[in-house]
Every structure is written in C-alpha cells, then in structure tokens.
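New to this one? Here is a quick briefing to read alongside the sequence and the 3D view.

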Amino acid sequence: MAEPEVYVLIDERGQRYLVSSDTRMAQVAGLGVLSLEKLRGALGRRLVVGDRSVLVLPASRRDRMEGLERRAQVIGPKDAAAILFHADIGPGSVVVEAGAGSAWLTVALASAVGAQGRVVTYEERPDFAAFAEENLRRSGLRARVELRVGDVAAGIAEKDVDAVVLDIPDPWTAVGAAWDSLRVGGSIATFLPNVEQVRQTVEALRKAPFVEIRTLEIIERELEVRETGTKPSFAPLGHTGYITTARKALDRFL
Ligand SMILES: C[S@@+](CC[C@H](N)C(=O)[O-])C[C@H]1O[C@@H](n2cnc3c(N)ncnc32)[C@H](O)[C@@H]1O
C-alpha cells in the first residue's frame, strides 16, 4: 500500500504545519480545512489561506518531527541524527524504542529504517500512546511503527533486533530486557539529561555485557547569515541530554 503524502506549510515566522493525506481531512490548526488537491497544485508556491500566506513544500524528515505537537520532553533533530548514526540504524533495521512520548524520535527512527524496516515502540502511559499514535499518523509513517502499551523493562517480545533506543528516566532497569532482545553486535542507545543517570546506565551496560560504550553530548550552533552581517546565533547553546551507545557482546575484556 502506498504511503501517505505529507506536506508542510511554512508561514512567514517559520511556523510549520504538517498535512498528511492519512489524516481524515487536511485540517490544520490555525489555518482551517484545506483540500489536498489545492496543496498538490500549490507545491513550491505561496498559498493564501484566509488572511495568512504559507509556503507549500513536500515534508522533509525535519518537518515530520518539528511540525508535530509535543508533550513533555522530546528528542529533536540534533540528537536524533546522532542516535541514528551511532546506533547504526539505517534502511531495513528493526528497532525497539521506549518510551514513545510525543513520538518525535519514533518519527526519526521510522524515517531511517525505511519501508523495509520496522519500529516497535513501548509506552507505559495509555494517554501518551494515543498522542504518539496521532502524531505518527500526521507524520505519514504510522504503517512502519507498532505501538505497545507497557513497561519496556518488564520484557521485550521482539528478538534479534538491530537496535534498542531508550528515552526513559531509568534505562538501567531495561538493560537486561534490551540485551535479551538484541542480536549479537546490535546497538543500544540511551538519552539522559543528568550525569548521575549516565553513570548508573553505564554500570548496568558493562555488567550485561555491552561493549564499545560511549557517551556524547551534541552541541549545535547555528550561523545567522543576514545583509547586515553574519554571526553565530544568539540562541542559547542549551543542554538537551547525553547520548550513550553500546553494542551487545557475549564476552568483554575484564
Ligand atoms: C521523555 S518521554 C519520550 C519522548 C520521546 N522520545 C519523543 O521524542 O517524543 C519519556 C516517555 O517514556 C515513557 N516511559 C517511562 N518509563 C517507561 C517504561 N519503563 N516503559 C515504557 N515507557 C516508559 C513515559 O511515559 C514518557 O512518555
């Protein structure tokens, strides 16, 4: 079955609105109802909607994340890109994730694994699972993702998976379940705001055993190019979280 078409509407302030042919109507908060025919005809151009003017483009991977609503903390493109590379996630990968939250990271994972891959996301809160499902539908990637309501630490049904990605506050509780689920050489990735959480996670990873354990913080600084001059953005270099990655092994050096 063909995947839905997804468009992004960008207003003059850079605000993004995602429109997917998979949602019941092209209902866009703040812009009203739009016909997909009209969007297709306006691709690459400015479209006047009521008293607003928006640029219509096919949605990029970034749009599919940043065009979604969010609840609680989300993982944005800066950290998602690093997780994908360091956890070796690409076309055809089978990935288990927890928790789904607002599904921002789920969208990045589903984009990366492609139509031949699979993402299984565990979320223990039914209200967040429902919110994640709506966001996935809006992103056009719902068909690539299986949503399970439950505690990932209680066990992962999927076996021989390529990667397990944990964005939960206590990933050390799920390290055993992740090890059991992964194929040999498969990757685990965790995302944590505090150093204390990283320490506890790394200790659990060493015991499992996982090897090739690395922790990174990604710092991104944008350059503003203007007629009046070019300079680094004043936007704060805010801390998001530490990414820890490791690979499943059967032995480790002592
Ligand atoms: C920080 S949010 C995840 C945000 C998500 N990565 C995103 O980009 O939108 C953490 C989520 O993990 C869920 N969670 C926490 N512990 C969990 C567990 N043991 N199993 C499954 N879900 C869990 C929480 O309910 C919450 O929705």
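**Starting point: a loop with a cis bond**

P209 sits in the loop that runs between α7 (195–207) and β12 (210–217). The peptide bond leading into P209 from A208 is cis, and its omega is near 5°. Keep in mind that you're looking at a predicted model. From here, the tour goes through a couple of other backbone spots, then the ligand, then the two pockets.

**Other backbone spots to look at**

- A cis peptide bond also joins A98 to G99, with omega near -20°.
- You'll find G99 in the loop between β7 and α4.
- D88 isn't a glycine, yet its phi is positive, at about 60°.
- To find D88, look in the loop between α3 and β7.

**Around the ligand**

- Which residues come closest to the ligand? They are I75, E123, D151, V152 and D167, out of 21 residues that surround it.
- E123 uses its side chain here: one of its N or O atoms there is 2.6 Å from an oxygen atom of the ligand.
- D151 also brings in its side chain, with an N or O atom 2.8 Å from a nitrogen atom of the ligand.
- I75 takes part through its backbone instead, where an N or O atom lies 3.0 Å from a ligand oxygen atom.
- How much of the ligand's accessible area does the protein cover? On its own the ligand has 610 Å² of accessible area, and the protein covers 89% of that.
- Two elements, α4 (104–113) and β8 (118–123), each give at least two residues to the shell around the ligand.
- Sort that shell by class and you get eleven nonpolar residues, five polar ones and five charged ones.

**The pocket that holds the ligand**

- The ligand takes up the space of the second largest pocket.
- That second largest pocket has about 610 Å³ of space.
- It's lined by 33 residues, and the closest to its centre are G99, E123, D167, I168 and P169.
- G99 is therefore worth a second look, if you'll flip back to the backbone list above: it follows the cis bond from A98, and it is among the lining residues closest to the centre of the second largest pocket.
- E123 and D167 turn up twice as well: they're among the closest residues to the ligand, and also among the closest to the centre of the second largest pocket.
- β7 (94–98), α4 and β8 are the elements that give two or more residues to this lining.
- Which of them gives the largest share of the lining of the second largest pocket? That's α4, with three residues.
- By class, the lining of the second largest pocket counts 16 nonpolar, nine polar and eight charged residues.

**The largest pocket**

- The largest pocket contains about 700 Å³ of space.
- It has 24 lining residues, and E66, K78, E220, P236 and T240 are the closest to its centre.
- α2 (61–66) and α3 (77–86) each bring at least two residues to the lining of the largest pocket.
- α3 has the largest share of that lining, with three residues.
- How does the lining of the largest pocket divide by class? It has nine nonpolar, six polar and nine charged residues.

Methods
Residues are numbered from 1 along each chain as its sequence is written. This is a predicted model: local features need pLDDT of at least 70, side-chain atom pairs count only at pLDDT 80 or more; totals for chains, interfaces and linings use all residues. Side-chain values use heavy atoms; hydrogens and water are left out. A residue is near a molecule or strand if one of its heavy atoms lies within 4 Å of it. A polar contact is a pair of N or O atoms within 3.5 Å; within protein, one must be able to donate a hydrogen and the other to accept it, and residues adjacent in sequence count only if both atoms are side-chain atoms. Accessible areas come from the Shrake-Rupley method with a 1.4 Å probe; for residues, only the protein chains shown count as cover. On a 1 Å grid over the protein atoms alone, a cavity is a set of points where a 1.4 Å probe fits but cannot get out, and a pocket is an open set with protein on both sides within 12 Å along at least five of seven lines; lining residues have an atom within 4 Å of a point. A molecule sits in a cavity or pocket if more than half of its atoms lie within 2 Å of its grid points. Helices (H or I, at least four residues) and strands (E, at least two) are DSSP runs, numbered from the N terminus. Ala, Val, Leu, Ile, Met, Phe, Trp, Tyr, Cys and Pro count as nonpolar, Asp, Glu, Lys and Arg as charged, and the others, Gly among them, as polar. Grid points are joined across faces, edges and corners, and a volume is the space filled by probe spheres set on the points.
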